[in-house]
Amino acid sequence: MRREGAIHAYRPACALLLAFATANAAEVANAQQPDQTLLYDENGLKLRWHLQLGLNAVSERNLYWNLAATTSPQSDFDPVSHWLEGYVEPGLSFEWTPFGRSTFYGKLSSVGSYTAGTDAFDWSDTGRITLEEAYLGYRVGSAEATGLDLSLGSRELKLGSGMLIANGGSSGFERGALKFGPRKAWKRAAFAHVYEDGFTATPFFLQPNELPSNDGHNKLAGGDLRYDAAAGGFLGLSYINVLHSDSPYVKAPRGGVGPPTLLPRGRDGTNALNLYARTNPFSGAFRNWFLTGDFAYEWNRRVDLEAWGGRVQVGYAFSGLPWPTVLTYSFQTFSGDDPKTSRLERFDPLYYEGSPGAWATGSKSSLVFINSNIRAHEVSLRVQPTERDTVTLRYARILANELGSPIQFGQATRLLNFGGAAYLISGVTEHHLSDDVFLEYGRTINPNTFLTAGVSMSVPGKGIRGVADGRTPNWVGGFVNAVVNF
């Protein structure tokens, strides 16, 4: 089981809402009240305190479509799970501007997280306190014209839409807070933003904050070039090189029969190119439409890897309705390893943003399937009855690209059995994996407090039902959480 990948894939509603809360808290707070976090502001020096905390109650029934009852009955795995998870992240930051346009800055924060009860990966009553952000930076000029921003230390960095580089930290398992996934900062990060008339160049070096129990000792470097249009929209290209990795790759058995083959340190030396774009709103009759596109190509001559993945997304913002309403359709696909070839074609999703509104494949199914050997049609409808209330309905139809080829295994492969649940190591014999439905409600209680509730269901397709001779019930569950952000 690829533990790291499962966490990145299952940053479900809570992680998405945390990001939503962070952005909206800052926006609303700035518009309605002075900065409550300011501790000191004299002689060009500003000191601020920061605090995020959350509490999440989760209930799941027929976990993993109850496959364990057929494939591993001796494990006594309980497909019904209820747990409470929480986290707190305090921090301090500073900005010092001694010379007019030049600013020195930095931040120090930590995360304490805990899970009470037994979560979906069969981990109980566990948690950790870890360092989150600890960085120093220097910037001069501005992002709107010409500028330079240098940063060194533990910090968040996201490239493009988050298809490959977004979540630098791992949560869940021994660290607790599986669904919240509060850790996002890279353990070590060195990067620069160079701005010039809408263009941004970002060379970087990154080392993820991996779980101690599953540390692949990954190190990455590369660069990103992006153009942001004044009217909205962007176009960018990222190059990523894995300098070092102990994470294995998995290869399909020849002809799709038999166990897969592990390639030790398979990721080491992998290269990736990621092209991404988003239109600004069209004009005239198409002014309510928007379009985004992402494509990635990966290669590694050492293990004969050649893989690809991508997404096309089109959205429409309805006008003339009582409530603001946005309808979005996405098609995303990631290559799988073809059992008929000697080449490795299985896409490596690296450190993608795995929230339902980002790069998750489905809602519940994203706990099982990573973005590899998968394609999905996804539709979302977002309605905002009031300024404080948002309702989102999501549907995803998920299929396998290659039959007889591993679906779940990927980076950081680990031959472990979590509670006896089946993990489809050798793939499926039918393309249709599942249909996921997710209904989510969000309420902004005040500029710093956010309440969210959601229910979801995953209906197994022929590929899943074939694993257990059709004895696969619908996987259902729900959650309610509160997030406070300063």
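1. In this predicted model, ring pairs join Tyr64, Trp65, Phe77, Phe369 and Trp475 into a cluster. Two of these names return in the largest nonpolar core, where Tyr64 and Phe369, together with Leu433, are the residues with the most contacts inside it.

2. That largest nonpolar core comprises 29 residues, and at least two of them are supplied by each of the strands β17 (374–383), β18 (389–400), β19 (432–446) and β21 (475–485). Of the contributing elements, β18 gives the most, with three residues. A second core, separate from this one and made up of 28 residues, includes Leu164, Trp186, Phe204 and Phe347.

3. The structure holds 21 aromatic pairs, and one of them deserves a closer description. The ring centres of Tyr105 and Tyr135 are 6.2 Å apart and the planes stand at 70 degrees, so the pair counts as edge-to-face, given that angles over 60 degrees are classed in this way. Because Tyr105 belongs to strand β4 (residues 102–118) and Tyr135 to strand β5 (residues 124–141), the pair ties together parts that are 30 residues apart in sequence. Both Tyr105 and Tyr135 are buried.

4. Tyr105 also takes part in a contact with a charged residue, since Arg139 lies over the face of its ring, at 4.7 Å from the ring centre. A further arrangement of this kind involves Arg226, whose charged end sits over the ring of Phe234, 4.1 Å from the centre of that ring.

Definitions and conventions:
Residues numbered from 1 in each chain as written. Predicted model: local features only at pLDDT ≥ 70, side-chain atom pairs only at ≥ 80, totals over all residues. Heavy atoms only, no water. Phe/Tyr/Trp six-rings, centres within 6.5 Å; stacked < 30°, edge-to-face > 60°. Helix = DSSP H or I, 4+ residues; strand = E, 2+ residues; numbered from the N terminus. Buried < 20%, exposed > 50% of the residue type's maximum accessible area, 1.4 Å probe, protein only. Lys NZ or Arg CZ within 6 Å of the ring centre and 35° of its normal. Core = buried A, V, L, I, M, F, W, Y, C linked by side-chain atoms within 4.5 Å.
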